[in-house]
Amino acid sequence: MSETMRGTRLGALSYETDAHVVPAERLVITYECPEGHRSVVPFSIEAEEVPFEWNCRCGRVAIRPDTEAPEQKPAKHVRTHWDMLLERRTIADLEELLQERLALLHEQQGRTRPTLRKSA
């Protein structure tokens, strides 16, 4: 074996050929964008989901002309911090907390605020 491998770089070159290799079956889908560009994209036959939209090379969204658009899922409401706060407390509780915190803040400012003396 050392005689046949002499002078070759191991790992740099593969000695395998594509003979007797059967490629996986493919499903070819065509997408068209509003600019008139056509994109042909191969997918595996085993693909679970083939997208209805594809990004075209011009940057616009291309769609499949041979199928109808799928139903749009309703947009999910994004919960804000305020929404999550209202899930835990009522407005009355929040107003009470606000008054307590304001009173505490005013008390702290009253203690730490230096008194200004007027000179005569």
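**Figure 1. Alternating side chains along strand 2 of the predicted model.** In this predicted model, the side chains of strand 2 point in turn to two faces. Ser-39, Val-41 and Phe-43 point to one face and are buried. Arg-38, Val-40, Pro-42 and Ser-44 point to the other face and are not buried. Ser-39, a residue of strand 2, counts as buried because its relative accessibility is 13%, under the 20% limit for a buried residue. Apart from neighbours within four places in sequence, Ser-39 is in contact with Ile-29, Thr-30, Tyr-31 and Cys-56.

**Figure 2. The hairpin of strand 1 and strand 2.** Strand 1 and strand 2 run antiparallel and are joined by seven bridges. One of the residue pairs is formed by Ile-29 and its bridge partner in strand 2, Val-41. The two strands form a hairpin, with five residues between them. In the turn, Gly-36 has a positive phi of about 95°.

**Figure 3. The largest nonpolar core.** Seven residues make up the largest nonpolar core: Ile-29, Tyr-31, Cys-33, Val-41, Phe-43, Cys-56 and Ala-62. Strand 1 (26-32) and strand 2 each supply at least two residues of this core. In soluble globular proteins, nonpolar side chains tend to be buried together. Phe-43, a member of the core, has contacts with Glu-25, Arg-26, Leu-27, Ile-29, Tyr-31, Val-50, Pro-51 and Trp-54, when residues up to four places away in sequence are not counted.

**Figure 4. The salt bridge between Glu-32 and Arg-38.** The side chains of Glu-32 and Arg-38 meet in a salt bridge, with 3.1 Å from N to O. Side chains of opposite charge can pair when their charged atoms come close. Glu-32 is partly exposed because its relative accessible area is 31%. Arg-38 has a relative accessible area of 51% and is therefore exposed, the limit being over 50%. A search of the whole structure finds four salt bridges.

**Figure 5. Arg-64, a buried residue in a salt bridge.** Arg-64 is located in the loop between strand 4 (61-63) and helix 2. Is Arg-64 buried or exposed? Arg-64 counts as buried because its relative accessibility is 14%. Its contacts, leaving out residues up to four places away in sequence, are Ile-29, Thr-30, Tyr-31, Val-50, Pro-51 and Phe-52. The side chain of Arg-64 also meets that of Asp-66 in a salt bridge, at 3.7 Å from N to O. Asp-66, by contrast, counts as exposed because its relative accessibility is 56%.

**Figure 6. Helix 2: a salt bridge and a nonpolar patch.** Arg-79 and Glu-87 meet through their side chains in a salt bridge of 3.6 Å, N to O. Arg-79 is partly exposed because its relative accessible area is 46%, whereas Glu-87, with 54%, is therefore exposed. Trp-82, Leu-86 and Ile-91 make a nonpolar surface patch of about 290 Å². Leu-86 belongs to helix 2 (residues 81-88). With a relative accessible area of 35%, Leu-86 is therefore partly exposed.

**Figure 7. Ala-47 in the loop after strand 2.** Ala-47 lies in the loop between strand 2 (38-44) and strand 3 (53-55). Ala-47 counts as partly exposed because its relative accessibility is 31%. Where Ala-47 and Leu-27 are 20 residues apart along the chain, their C-alpha atoms are separated by 8.9 Å.

**Figure 8. The protein chain as a whole, for orientation.** The protein chain has three helices and four strands. Read along the sequence, these elements follow the pattern α-β-β-β-β-α-α. Of the 120 residues in the protein chain, 10% are buried. Among contacts with a separation of 6 or more, 20% are between residues 24 or more positions apart. The accessible surface of the protein chain is about 11,800 Å², and 53% of this surface belongs to carbon and sulfur atoms.

Notes: Residues numbered from 1 in each chain as written. Predicted model: local features only at pLDDT ≥ 70, side-chain atom pairs only at ≥ 80, totals over all residues. Heavy atoms only, no water. Buried < 20%, exposed > 50% of the residue type's maximum accessible area, 1.4 Å probe, protein only. Contact = heavy atoms within 4.5 Å. Areas by Shrake-Rupley, 256 points an atom, 1.4 Å probe, with all protein chains shown as cover. Core = buried A, V, L, I, M, F, W, Y, C linked by side-chain atoms within 4.5 Å. Pairing = 2+ DSSP bridges. Patch = residues over 30% accessible without salt bridge, like charges linked within 9 Å, V, L, I, M, F, W, Y side chains within 5 Å.
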